[in-house]
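Trainee: Please take a single part, the surroundings of the ligand, and go through them closely with me. After that, I would like to see how that part fits into the rest of the chain.

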Amino acid sequence: MQLQENNEMETDLLVIGGGINGTGIALDASLRGLSVVLCEAKDLASATSSASSKLVHGGLRYLEQYEFKLVKEALKEREILLKKAPHIIHPLRFILPHAKHLRPVWMIRIGMFLYDFLAGKMSLKKSQKISLVGSKEGQQLVDEFKVGFAYSDCRIDDSRMVVFNTIEAKDNGAKILIPYRCVEAKRQGKKWQVKLLDNSNKEVLVNAKAIVNAGGPWVANIIDDVLETNSKSGVRLIKGSHIVVPKLYNGDHAYILQNKDGRIVFALPYGFVSEHENEFTLIGTTDLNYEGDPRDIEISEEETDYLCKLINGYFKKHISSQDVIWSYAGVRPLYDDHSVDPSKITREYHLELEDQNGKLPVLSVFGGKVTTYRTLSQHVVDKLKPYFPNMGSCVTDRVPTAGGNAHSFSEIMQQLKKTYPWLEAKHAYRFAASYGMKSFDVLTDAKSYDDLGRCFGYNFYQKELEYLVKEEWVTDVDALIWRRSKLGLWLTKEQVAALEAWFMRDL
Ligand SMILES: Cc1cc2nc3c(=O)[nH]c(=O)nc-3n(C[C@H](O)[C@H](O)[C@H](O)COP(=O)(O)OP(=O)(O)OC[C@H]3O[C@@H](n4cnc5c(N)ncnc54)[C@H](O)[C@@H]3O)c2cc1C
């Protein structure tokens with residue numbers, strides 16, 4: 001698909017939104033033989049898809065809301081994704097300390113059993129009741145917690161999954177337009193005529209046979225203002241915030257903590273520097289109704305205090321807002337089922353399809369989870385089959401994620417160490433966990449640190465920076481240090497300023 005001289009292009013499908021869902025849909029459709037254009041207004045994963053708790057999970061707490069179908073789908077997906085992306089998805093053991101205000105021990109045990117049962121055949125360790133007295137998991141908690149439960153889920157690098165979907169979609173012929181905002185879409189004769197604008201208001205016109213609206217928190221705005229169609233469905237914006245503090249406890253396990261108000265907060269090992277060693281703890285999330293523009297939202301003081309207070313009720317080591325190294329906030333674009341309590345709104349996704357006399361469909365995505373992006377994408381593209389009868393069937397459950405073409409994470413590490421024996425251990429780990437087998441495209445024929453160019457701080461070198469700019473749509477420091485990587489956790493202010501200067505000079 002070529003961009004014509006007059007900045008006009010023809011495509012089967014236009015996908016609006018470069019979050020986990022939009023990129024997953026673009027990838028699925030391109031693998032089935034459709035021509036695809038994906039437009040993203042700001043940057044890949046610049047909204048909700050880099051602000052999640054970074055878990056691939058069934059959602060133990062959704063059992064309390066009887067969302068068995070959702071939990072089962074997500075747990076089945078956990079197994080598929082773990083195999084597809086061993087570089088960016090890793091098993092994680094969770095500890096649930098039993099507090100007096102929780103349900104009785106026997107009831108939680110049944111819930112855990114149900115969680116494992118719904119997962120079916122699983123490669124992860126099953127759940128068990130554990131004693132916290134004298135144990136590694138218990139000694140860092142206040143003494144009141146004597147009994148707990150352990151169960152398994154996975155952690156994921158959410159924004160890197162978005163990038164890998166996009167790289168794969170591009171490799172399959174999709175045209176990726178970033179930053180291009182979709183501002184107008186009209187049905188004209190046999191095509192959707194769509195207008196996109198970049199940051200300098202340069203216009204691109206796309207003639208598409210179908211549109212998918214994967215605008216996340218903006219899904220309803222796109223329906224009302226861009227597509228000028230009517231929708232039967234609504235979206236509920238629920239804000240969730242996280243804080244990152246220096247490592248709060250020893251061990252590579254996570255904690256799932258329930259507050260007296262019933263809300264769940266996770267304490268997760270973060271900033272891994274080797275397979276089992278991490279330097280930070282990620283804590284979240286809050287769950288608050290949100291109105292207003294979902295762009296660039298921030299954690300409030302009350303939310304930070306809420307998270308710190310909850311942690312201080314469980315851990316011997318106390319934290320305050322002074323310990324917060326980094327924080328982020330996002331809004332869940334949930335399908336509005338009219339629940340009063342934000343925590344009780346369904347996490348199931350909802351797809352709304354509209355067409356004109358059986359032609360020119362537009363499909364809008366409401367809700368979803370990072371965990372279920374692949375099945376959501378499959379269902380979206382399946383729904384478009386009547387409009388593209390010749391398209392193939394879904395293969396994303398079998399095709400490895402870009403960089404994930406290895407049997408295991410250890411295999412990636414071994415191959416990296418063999419080819420680049422001079423890479424320091426932490427550096428090799430960061431490459432394996434960020435790029436997987438794509439590390440070889442980044443490091444190419446480098447034979448020593450001298451071949452990596454200028455060091456910008458920590459273990460970040462010019463060669464990687466140039467790769468990110470050329471292959472991963474990076475145009476600014478924010479994308480670089482918070483979305484394509486989490487280098488911002490380690491770089492000093494001066495080092496970030498040097499990177500800013502590099503972008504000012506070279507782009
Ligand atoms: C606090 C929090 C914690 C979460 N934790 C988890 C978790 O641990 N596990 C899990 O599975 N799920 C989790 N989720 C849910 C998950 O993050 C979201 O469901 C998912 O990221 C939504 O992805 P999306 O692609 O629909 O939306 P987004 O990621 O928001 O993407 C939408 C994109 O559309 C773009 N856009 C908007 N308007 C336009 C336009 N006019 N033209 C072009 N582009 C446009 C935006 O710039 C944005 O990039 C969490 C969510 C939150 C908020």
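Mentor: Helices (H or I, at least four residues) and strands (E, at least two) are DSSP runs, numbered from the N terminus. With that naming, Ala 45 sits in the loop between strand E2 (36-39) and strand E3 (55-56), and we shall return to this residue below. The model is a predicted one, in which local features need pLDDT of at least 70 and side-chain atom pairs count only at pLDDT 80 or more, while totals for chains, interfaces and linings use all residues. Residues are numbered from 1 along each chain as its sequence is written, and side-chain values use heavy atoms, with hydrogens and water left out.

Let us begin with the ligand itself. A residue is taken as near the ligand if one of its heavy atoms lies within 4 Å of it, and 39 residues surround the ligand in this way, the closest being Glu 40, Ser 49, Leu 55, Gly 368 and Thr 371. Polar contacts are pairs of N or O atoms within 3.5 Å; within protein, one must be able to donate a hydrogen and the other to accept it, and residues adjacent in sequence count only if both atoms are side-chain atoms. On the side of Glu 40, a polar side-chain atom is 2.7 Å from an oxygen atom of the ligand, and for Thr 371 a side-chain N or O atom lies 2.7 Å from a ligand oxygen. The side chain of Asn 21 has an N or O atom 2.9 Å from an oxygen atom of the ligand. Taken alone the ligand exposes 1,000 Å², of which the protein buries 97%, where accessible areas come from the Shrake-Rupley method with a 1.4 Å probe.

As to what forms this shell, helix H1 (20-31) and strands E8 (181-188), E11 (235-246) and E16 (326-335) each supply at least two residues, and E16 gives the most, with three. Sorted by class, the shell has 15 nonpolar, 18 polar and six charged residues; here Ala, Val, Leu, Ile, Met, Phe, Trp, Tyr, Cys and Pro count as nonpolar, Asp, Glu, Lys and Arg as charged, and the others, Gly among them, as polar.

The wider frame is a division into domain 1 (8-48 + 160-234 + 346-387), domain 2 (89-155 + 238-344) and domain 3 (409-506), with bounds from an automatic or database domain assignment. The shell around the ligand draws at least three residues from each of domain 1 and domain 2. Between domain 2 and domain 3 the C-alpha centres lie 30 Å apart, and 13 residues of domain 2 are in contact, meaning heavy atoms within 4.5 Å, with nine residues of domain 3.

Some details of the backbone also deserve a careful look. Most residues other than glycine have a negative phi, and most peptide bonds are trans. Ala 45, however, has a positive phi of about 55° although it is not a glycine. The peptide bond from Ile 178 to Pro 179 is cis, with omega near -5°, and Pro 179 lies in the loop between strand E7 (175-177) and E8, the latter being one of the strands that supply the ligand shell. A cis peptide bond likewise joins Gly 284 and Thr 285, with omega about 20°, and Thr 285 is placed in the loop between strand E14 (277-284) and strand E15 (288-289).
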